[in-house]
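Please walk me through the pockets of this structure, with attention to the residues and the secondary structure elements that line them.

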Amino acid sequence: MSKIILTGDRPTGRLHIGHYVGSLRRRVQIQNEGDYDKMFVFIADAQALTDNADNPDKVRENVIEVALDYLSVGLDPTKTCIFVQSQIPELCELSFYYMNMVTVSRLQRNPTVKTEIQMRGFGGESIPVGFFTYPISQAADITAFEATIVPVGEDQKPMLEQTCEIVRRFNHIYGDTLVEPRILLPDNTACLRLPGTDGKAKMSKSLGNCIYLSDDAATLKKKVMSMYTDPAHIHVEDPGHLEGNAVFTYLDAFCRPEHFAEYWPEYESLDALKEHYTRGGLGDMKVKKFLLKILDAELTPIRERRKQFEQDIPAVYEMLQRGSEEARTAAMRTLNKVRQAMRIDYFNDTALIQAQAKKYRQG
């Protein structure tokens, strides 16, 4: 079986370091290792419109922002097919067919759907149908390209489970047609769900607690130095607590052994730093300054690459168009298989046409 990678992001704003450690960094690693047959990365603008229907300009403007973020982290359009979801109409048709595979009660039990509905303040009958059914749309995105591996954050796990259910049900009814994917989560547990700078459970654009990949050095410094730590760690000599401490969670996600030799040789490892902090005698500001150096070193080349791509925006749109054309060709192949399996490929089924003609000639 071919090894096909697929993943994407909603263009509702610039991408942040939660996206980076949760999925983007892994995508670039996979791309550069080259151990796959095809890799698709898409901008989910159609999905973003399900809860931004009254603000299409927000989605329209952020398509290019996400594309720039993709290129700046190192995704290479010569190795990875980068495309725009809305430019692949076959995805809508697949979603329509898959709706018959899922019940309303099953969608209501989806943990990600319930969380997202709560975050957006939808209640009862005010939930847009498109938003409510976006696990089905996501299944179409994945299966259209016969993806075998989907690298995403932990919050998307229920969505992949829903996709697998749709694949199994479709194949049970219509025969072995669709490919069942598997999820690829980050290796580092700290990367599964990076908290916001305010210590909230998740870094979120809507909560305003993000560090964006495109933040300049001054903005990054301001955000890091105001990060949530341990509210009980009032004096330097007080013992500090790691649980819920956003600074140490970020260090778990970004810190490497060589960072100590370069930025803080007083400590030999992150474990030694944690031990001192929990024992007492280490101030939060020193730890934040260490984190700032690490993040700035990670984000500086990303910022610099972004500035280069910003100089030729028409070329970025041309890249997206080429990728969308390539992606549509792949989606059309899958849709043809689906139509054939569902026995609705009437005009391509010469046996059907001849049989019906014979039936009525004899009748």
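**Pockets and their linings**

In this predicted model, the second largest pocket has 17 lining residues, and those that lie nearest its centre are Ala46, Thr50, Cys92, Ser95 and Ser137. The volume of this second largest pocket is about 280 Å³. Three helices each contribute at least two residues to its lining, namely helix 2 (45-48), helix 4 (90-98) and helix 8, and of the elements that line the second largest pocket it is helix 8 that gives the most, with four residues. Sorted by class, the lining of the second largest pocket comprises eight nonpolar residues, eight polar residues and one charged residue.

The largest pocket can be read in the same order. Its space amounts to about 1000 Å³, and 44 residues line the largest pocket, with Arg10, His19, Glu116, Asp155 and Lys202 lying nearest its centre. Two or more residues of this lining come from each of strand 1 (4-9), helix 1 (17-33), helix 6 (111-120) and helix 8 (134-144). Among the contributors to the largest pocket, helix 1 provides the largest share, which is five residues. By class, the lining of the largest pocket holds 16 nonpolar, 15 polar and 13 charged residues.

Helix 8 deserves a second look in the structure: this helix, spanning 134-144, supplies two or more residues to the lining of the largest pocket, and helix 8 also gives four residues to the lining of the second largest pocket.

Conventions. Residues numbered from 1 in each chain as written. Predicted model: local features only at pLDDT ≥ 70, side-chain atom pairs only at ≥ 80, totals over all residues. Heavy atoms only, no water. 1 Å grid on protein atoms, 1.4 Å probe; cavity = no way out; pocket = protein on both sides within 12 Å on 5 of 7 lines; lining within 4 Å. Points joined across faces, edges and corners; volume = space filled by probe spheres on them. Nonpolar A, V, L, I, M, F, W, Y, C, P; charged D, E, K, R; others polar.
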